[in-house]
Each structure stands twice: as structure tokens, then as C-alpha cells.
Amino acid sequence: MPHPLLPCIYVCMLFNPDIATRPQLLVIQKCLQLFIGSSPIIQLESFSNWETLVSYDHVLVAKPRSAEEGTEALDGSIRNFTSVTVAAGINQAELISELEDQGYAFPHGPMVYDVTIGGAIATASHNSIHTAPSMGGLMTRARLVDGLGNVKEFSQDADTLVMKALRCNLGLLGILFEIELRVVQQEDVIVRNVFTPLRNLFNPDFIHNTVLDNYFAMGLYAPYNSLTDEEAKSVLDTGKVPVTWNSSNDLVMLQLIRPASSHVKFTIVDERPQSAPNVTKVSVSQDAFKKELSLPAYTKVPLTRSMHFPASYFPSLMMIEYIVEDSSFAAGATALRVLSSVLNEASYKNGVQAMEEGIFKWFKGTDCLICPGSVPVGWSEQEEPVDQSYFASFHLHRRVGSPDDENRTDAFHTAMVTAWDQSGLNGLPHWGKGFQHFPNLKQRIKRGYGIDLTIFKIIRNTLDPVGVFTDDCLRRVFAEPRYY
Ligand SMILES: Cc1cc2nc3c(=O)[nH]c(=O)nc-3n(C[C@H](O)[C@H](O)[C@H](O)COP(=O)(O)OP(=O)(O)OC[C@H]3O[C@@H](n4cnc5c(N)ncnc54)[C@H](O)[C@@H]3O)c2cc1C
């Protein structure tokens with residue numbers, strides 16, 4: 001039986017409040033409705049973007065009035081998946097809420113609700129579901145305006161190589177305005193927030209079982225949470241962390257999600273403290289740990305409410321993410337052992353380190369040219385996506401602070417990337433986080449993507465031959481000339 005296409009959601013235009021007042025926008029809304037006819041309905045909505053750089057505050061939205069009205073004809077083709085077609089500019093929260101109404105879910109996007117579908121795909125954003133790739137891997141069709149102003153359409157069935165490029169496009173292939181994405185059925189899930197010592201994650205078998213036994217598995221780690229009050233006072237007195245503290249004893253919060261219909265028992269022992277530790281404050285990470293402890297140990301919720309947070313949940317952050325292939329879960333275990341050992345040595349020598357929290361994820365590889373979660377495969381035109389291995393990502397962040405704090409955060413991030421590299425991990429940066437500070441960035445990217453980077457550049461050359469879609473940073477990374 002063919003699976004349905006869900007209703008289309010279109011967002012048309014954004015308006016800057018400085019150049020368009022509400023009465024003017026209402027006239028435009030009326031004109032558009034007259035031009036389009038009775039369906040879809042054009043609405044004027046306020047637009048909020050968590051990225052404060054964007055001050056635009058109105059958006060004209062065209063929505064079908066009912067599921068039937070927005071559902072496209074299936075054209076007799078048999079599809080073994082359900083998809084939704086959306087405008088690239090809608091955000092994840094809007095998509096999720098629209099899908100909820102239809103009994104579907106899209107759990108595969110990044111943890112923050114407020115990202116746009118176009119932006120999250122362009123930067124290969126991902127969640128922590130071992131059966132799901134980065135978001136672009138869920139894209140089955142796309143329409144874009146290319147560098148010559150032409151509207152082009154590409155689909156998974158007909159344009160294998162271009163789709164592999166579009167799955168992580170960094171905006172370099174044109175402006176995507178319509179995206180078809182695979183979605184899944186809504187269902188109830190159990191969310192467990194379980195605390196376990198970091199040292200348990202040094203064992204690849206522990207990670208293997210945790211990741212593969214659950215639908216979703218993610219680690220949140222706020223360091224220094226095992227410091228005693230006496231040790232914390234000694235930090236204030238000496239400026240150094242005493243050697244009696246060891247990060248391997250700190251607790252990591254594992255967020256584990258399973259379908260409520262699953263009968264498999266959660267086996268990890270929960271070492272959640274009875275109450276939040278009352279320890280002298282020496283690091284912002286202690287607040288992050290208290291926030292983790294405030295999350296309930298057990299909840300049963302719909303899938304769409306189980307794993308995303310509003311951007312307002314997070315302070316303004318400096319962050320990096322180091323992504324490695326982790327087919328046997330040994331690389332992830334090594335990365336965490338190295339993180340622990342760098343934290344220990346640096347803390348004993350120089351005091352509390354500039355790390356507020358780490359987020360560890362495991363996800364499926366993507367058949368993509370420049371996703372950090374993909375294995376380079378060269379000129380493969382086979383229609384079925386190449387089955388990729390597992391990838392692990394290690395995100396580190398600290399809130400934005402004084403210039404001195406920010407220098408310390410940059411230095412800690414560089415030290416961590418260097419230590420991970422030296423342990424042979426060959427990680428690649430997340431394109432949507434602070435990748436500019438990765439040591440040897442150009443060579444790292446060239447080495448990491450190999451022939452796939454060349455193929456990406458060839459595809460870019462056909463879609464945007466004069467380099468309309470780029471910026472200084474990407475021009476440097478991809479060694480591209482400035483055309484004008
Ligand atoms: C608090 C926070 C939490 C996060 N959590 C996660 C996480 O859990 N997992 C994860 O993987 N990432 C995560 N990220 C990273 C985030 O997913 C990416 O930064 C993502 O790009 C943000 O989407 P955006 O809509 O803000 O994109 P923007 O910053 O607006 O765009 C990113 C780039 O995408 C391109 N682009 C945007 N729209 C289009 C379009 N229509 N056509 C072509 N190109 C386009 C542009 O080149 C642009 O530079 C997080 C970021 C923050 C700030």
C-alpha cells in the first residue's frame with residue numbers, strides 16, 4: 001500500500017519590521033490571497049528566531065485548510081515511506097506541531113526546536129538515534145533556486161549524486177525552498193534520565209549496549225560534579241583541583257528513550273544522587289549538573305515531546321563538536337577516556353577548565369558527500385543509499401562570558417581537539433558549530449572527505465558556477481576564488 005504524503009506547509013516571505021508595518025503587510029496578505037484564490041489560506045504570523053542576529057519579525061504563511069487539501073497526488077508510484085513537504089524556512093517546532101496534528105513525528109532533527117529545516121539540513125545537523133542519519137539523510141526530494149536563478153528539482157530516485165551533495169550543502173548549491181522529508185508515526189515513548197559514572201563509558205561494550213538497546217541514547221556530562229565541598233574549597237584556596245578528584249567518578253546523565261510498547265527492561269543502574277550536591281561553587285558546570293538533576297527520572301510522553309528543547313533552555317554558547325566514525329563503539333570510548341584524562345591533568349595543573357557541559361551522541365552514517373557523519377565512497381551512483389556505519393559526536397560548550405573566559409574556552413576546545421587527534425581519532429567538525437578553531441582545518445577537511453569533496457565541488461560548479469552562494473569563511477575552507 002502506498003504511504004501517504006502529508007500536507008505541504010509553505011512559508012513565503014519574511015519582513016523586516018523597519019521596512020514593513022503591520023497595516024502594509026495586511027494589504028500584501030490580502031493581495032496574495034486574491035491572487036492565489038481561496039486555497040491555501042495566507043496568514044500573517046509573527047516570526048521569532050532564537051538567533052538574535054535576525055531581527056525580522058513577520059512572516060506570511062500559506063497553509064492548506066485540511067490534510068486532504070494539502071496532500072499531493074501519489075501519481076500511482078509505490079512508496080515505502082511517509083513524507084512531508086515543507087518550506088525550507090519553517091522551523092523544527094512548526095514542523096513537529098503540524099505533524100503531531102496528523103499523527104506523525106520527525107524525531108531526527110537537532111535537539112533545539114528553533115532551527116529551520118533548511119539550516120539544519122545545510123549543516124548536517126543530527127540527533128542521537130542509532131538508526132537515523134543526519135537530517136539531510138531523511139530528505140527525499142528538494143527544489144532550489146541555483147546560482148543562475150533557475151528553479152531545479154532533485155529527487156532521491158532520479159538524482160543520486162546531487163542528493164548526496166544536498167544532504168549537507170552549507171548553502172553552497174543554491175537556496176532550497178521546498179524539501180520533502182521522511183517522517184515516522186507518532187507513538188508514546190518512555191524517557192529515562194539515568195546517572196552513571198563517566199568511567200563506565202570508557203568501555204565500548206557498555207556504549208554498544210546502551211546505544212543499541214535504546215531507540216535514542218545521549219550522554220550529558222557536566223564536569224566537576226563529584227567534587228566534595230572540601231575539594232571545592234581547596235580549589236578556591238590554591239587555584240588548582242586536588243588530585244583526590246578524578247573526572248572518571250563524575251556522573252554522566254544518559255537520556256534513554258524507548259517505545260512504550262517495548263517490553264525490554266532498562267538495565268543500567270541509576271546512580272542519581274538523592275539531592276543536588278551542596279558544594280561551594282567553582283564552575284558553571286555545577287549549575288549545569290543541577291539542571292540535569294531537575295529532569296525527571298522517568299516519563300511517558302508522545303515521541304514528539306520527548307527529545308527537543310526550546311533555544312531559550314540554553315544560554316548563549318561557545319561550542320564545538322568532534323565527530324568520528326564509531327562502528328565498534330571503541331572510538332567513542334577512547335574519546336571519553338581522553339576527555340577525562342585531559343580534564344584531570346589540566347585541572348590538577350591549572351585549575352577548573354572552561355567546560356560547562358559535554359553532549360555525546362551516536363547516530364547512523366549518512367550517504368552524503370560532506371557530512372562529517374559519512375564515509376567517503378566516491379562516485380557511487382547506486383539508487384539505494386549506501387549503508388553507513390555508526391558515528392559518534394562529542395559536543396563541548398561553555399556559556400559566552402568575559403573576553404578572558406572566551407579565550408579560555410577557545411583554548412580548552414583546541415586542547416581537546418588536539419588530544420583527540422593525537423589519540424588517532426581523525427575527527428571532523430560539525431558545520432553548524434565552532435569549526436573555525438579546529439587545528440589544520442583545511443587539511444583536515446581535505447583528508448576527511450577525500451574524493452567526495454572533489455565531487456561536491458564539481459556539483460557546486462554546475463549549480464553555482466560563478467560562486468554566488470558563499471562567504472569568506474567557506475571560501476577559505478574550500479580554497480575558492482572570489483569572483484567579484
Ligand atoms: C542551542 C543549540 C543547540 C543545537 N543542537 C544541535 C544538535 O542537537 N544537533 C546538531 O546536529 N546540531 C545542533 N545545533 C546546531 C544547529 O543545528 C545548526 O547550527 C543549524 O544550522 C541551525 O539552523 P538555523 O536554521 O539556525 O541555520 P542558519 O544558521 O540560519 O543556517 C545555517 C546555514 O545553512 C544554510 N541555509 C539555511 N537555509 C538554507 C536554505 N533554505 N537553502 C540553502 N541553504 C540554507 C546557510 O548557508 C546558512 O549559513 C545546535 C545549535 C544551537 C545554537
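Here are three short exercises on this predicted model, each with a worked solution.

Residue numbers start from 1 along each chain as its sequence is written. Because the model is predicted, local features need pLDDT of at least 70 and side-chain atom pairs count only at pLDDT 80 or more, while totals for chains, interfaces and linings use all residues.

**Exercise 1. Find where Gln 353 sits, and work out why it counts as buried.**

Start with the chain. Gln 353 is in the loop between α9 (330-350) and β14 (357-364); helices (H or I, at least four residues) and strands (E, at least two) are DSSP runs, numbered from the N terminus.

Next, count neighbours. A residue is buried if 20 or more other C-beta atoms lie within 10 Å of its own, exposed if 12 or fewer, and partly exposed in between, with C-beta atoms placed from the backbone. Gln 353 has 25 within 10 Å, so it is buried.

Then look at contacts, meaning C-beta atoms, placed from the backbone, that lie within 7 Å. Skipping neighbours within four places in sequence, Gln 353 touches Leu 343, Ala 346, Ser 347 and Phe 412.

**Exercise 2. Place β14 in its sheet and name its partners.**

Begin with the sheet: it is open, with eight strands in the order β12-β9-β11-β10-β14-β15-β13-β16 and antiparallel pairing. Strands pair if DSSP finds at least two bridges between them. At the edges are β12 (298-302) and β16 (428-429), each paired on one side only.

Now take β14's two sides. With β15 (residues 390-399) it runs antiparallel over eight bridges; Lys 361 faces Ser 393, and Ile 359 stands opposite His 395. With β10 (residues 216-221) there are four bridges, also antiparallel, and Gly 219 has Phe 360 as its bridge partner.

Finish with burial: six of the eight β14 residues are buried, so the strand is largely enclosed by the rest of the structure.

**Exercise 3. Describe the shell around the ligand and say why the ligand lies between two domains.**

First, the shell: 23 residues surround the ligand, the closest being Pro 110, Gly 118, Gly 119, Gly 171 and Gly 432. Near here means a C-beta atom, placed from the backbone, within 6 Å. The elements giving two or more residues are α4 (117-122) and β8 (175-185), and α4 has the largest share, four.

Last, the domains, whose bounds come from an automatic or database domain assignment. Domain 1 (5-185) and domain 2 (188-446) both give residues to the shell, so the ligand lies between them.

How values were computed: Contact = placed C-beta atoms within 7 Å.
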